[in-house]
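Welcome! Take a moment to turn the structure around on your screen, and then let us walk through it together.

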Amino acid sequence: MAQPLVFPQLAGSLPKPKLQSQKRVLARKIIRQWKQKGLGFDDGNQKCVNFAPLIRSLSMQKLGVVADDVLLELHYQGFVHCNSALSTLMLCFADNGFSPQAQAIWDELLYSSSPPAIHVLTKLFHAYAKTGHFSKISEILAQLTFTSSHLLPEAYSLALSCFGDGGQLELMESTFGEMVSNGFAVDSATSNAFIRYYSIYGKLAEMEAAYARLKRSRHLIDKDGIRAMSLAYLKQRKFYRLSEFLRDVGLARTNVGNLLWNLLLLSYAANFKMKSLQREFLKMMESGFCPDLTTFNVRAVAFSRMSLLWDLHLSLEHMKHENVVPDLVTCGCVVDAYLDRRLARNLDFALNKINLDSSPMVLTDPFVFEVLGKGEFHSSSEAFLEYKRNREWTYRKLVAVYLKKQYRRNQIFWNY
């Protein structure tokens, strides 16, 4: 891979030239230094050279404003440029926010004998999205309809992705309508992407409409789409609507693992509906699903907050029977529950189902913390784990330090 060219003295003297004369002088200095490095070469009677590394170097050093002057000056000196250099210059302009210059080069390339390839279009769309020039993407799509229709299927998918990532939901919908009206089929990946974008930037009603559209197209919602919709419901604490959505997806689906059941259990644990939680847990096992660590920890957090110590103890027994290794969340549920009941002396009995000499780790799905938060022991332990002087933490050490911290906090010091 070619090393980028560096022009320290030029960047320091004129980092953002404004006058045309200054730009031309700077362009000549850059070319002079470029020639001194021996990067040009002759091919017969004409000078052929790859300008792309030079233009990329200028873009990296925020000198894209003089890139066109450099290219023009090279042309005056007899060098021959190719479409790859123009494509690189176009992307340089787009990355630095010079959309009119980038659009001018795009028009030149589009109507030339060798139009840009899809990888150039991809970089151009992402550059426009990064600088907020989403309307330029729509203009290019309109141009492709008349000039390069073979690029439209991939161009539409790229545009929808850029609009969605940028939160431009109206542009995304209008582009989707154009795509359908032009006869292009909507695949499963695009339909699921709509759900994810609406779950982040839209309202719940809009997200649900996107899900209904996906169902009408007979595509299945994928795992990322399920997580996106579920997290949107959880953030707004719409637990009943979440449970209805999960049942509509189908709790019997096996290609997403225990995700659906874990989310359903979480919807009950969030409101501490313990009987419903236990009932659905039994249904899960009757349906042939084996509970995983997140399943157990959803219940453990609910048991801990409700101070149901015996249920918590049985849950640990069940984890041992299923060969599910507890993590920091599980240990924290036990510690917090026993300390809340002022039963710190019984912790040794409560924690005997956990290997206290193993290294602490958090393997629970993060959506549990989105609803139920982190317990005191969990939060405190994460702070200790970031303490770099001791890199060999174990559960036993964390419990000992936490108990000492709680003991000191409960002391009353009198000043006489």
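A good place to begin is F125. Setting aside the residues within four places of F125 in sequence, its contacts are I137, I140, L141, A155, L158, A159 and C162. Keep in mind as you look that this is a predicted model.

F125 also belongs to a wider group. The largest nonpolar core holds 110 residues, and F125 is one of those that touch the most other members, along with M90, L144, I221, I226, F245 and L351. Which helix gives the most to this core? That is helix 15, spanning residues 259-269, with nine residues in the core.

Now step back to see the chain as a whole. Its 416 residues are 46% buried, and the chain contains 23 helices together with three strands. Contacts also link distant parts of the sequence: of those between residues at least 6 apart, 66% join residues at least 24 apart. On the outside, the accessible surface amounts to about 22,200 Å², and carbon and sulfur atoms account for 53% of that area.

Next, let us look for empty space inside. Rolling a probe the size of a water molecule over the atoms shows where empty space is left. How many cavities of 30 Å³ or more does the count give? The count comes to one, and the largest cavity has a volume of about 30 Å³. To find this spot, select L309, L312, H313, L316, V334, Y338 and A350, which line the cavity. Two helices, helix 18 (309-321) and helix 19 (328-340), each supply at least two of the lining residues. Helix 18 has the largest share, with four residues. In character, the lining is made up of six nonpolar residues and one polar residue, with no charged ones.

Follow the chain from helix 18 towards helix 19 and you will pass through a loop that includes P326. Is P326 buried or exposed? P326 counts as buried because its relative accessible area is 15%, and the cut-off for buried is under 20%. Which residues does P326 touch, leaving out those up to four places away in sequence? They are L293, M319, K353, I354 and Y395. One of these partners, K353, lies 27 residues from P326 in sequence, and the C-alpha atoms of the two are 8.8 Å apart in space.

Definitions and conventions: Residues are numbered from 1 along each chain as its sequence is written. This is a predicted model: local features need pLDDT of at least 70, side-chain atom pairs count only at pLDDT 80 or more; totals for chains, interfaces and linings use all residues. Side-chain values use heavy atoms; hydrogens and water are left out. A nonpolar core is a set of buried Ala, Val, Leu, Ile, Met, Phe, Trp, Tyr and Cys residues joined through side-chain atoms within 4.5 Å. Buried means under 20% relative accessible area, exposed over 50%, partly exposed in between (1.4 Å probe, protein chains only). Contact means heavy atoms within 4.5 Å. Accessible areas come from the Shrake-Rupley method with a 1.4 Å probe; for residues, only the protein chains shown count as cover. On a 1 Å grid over the protein atoms alone, a cavity is a set of points where a 1.4 Å probe fits but cannot get out, and a pocket is an open set with protein on both sides within 12 Å along at least five of seven lines; lining residues have an atom within 4 Å of a point. Grid points are joined across faces, edges and corners, and a volume is the space filled by probe spheres set on the points. Ala, Val, Leu, Ile, Met, Phe, Trp, Tyr, Cys and Pro count as nonpolar, Asp, Glu, Lys and Arg as charged, and the others, Gly among them, as polar.
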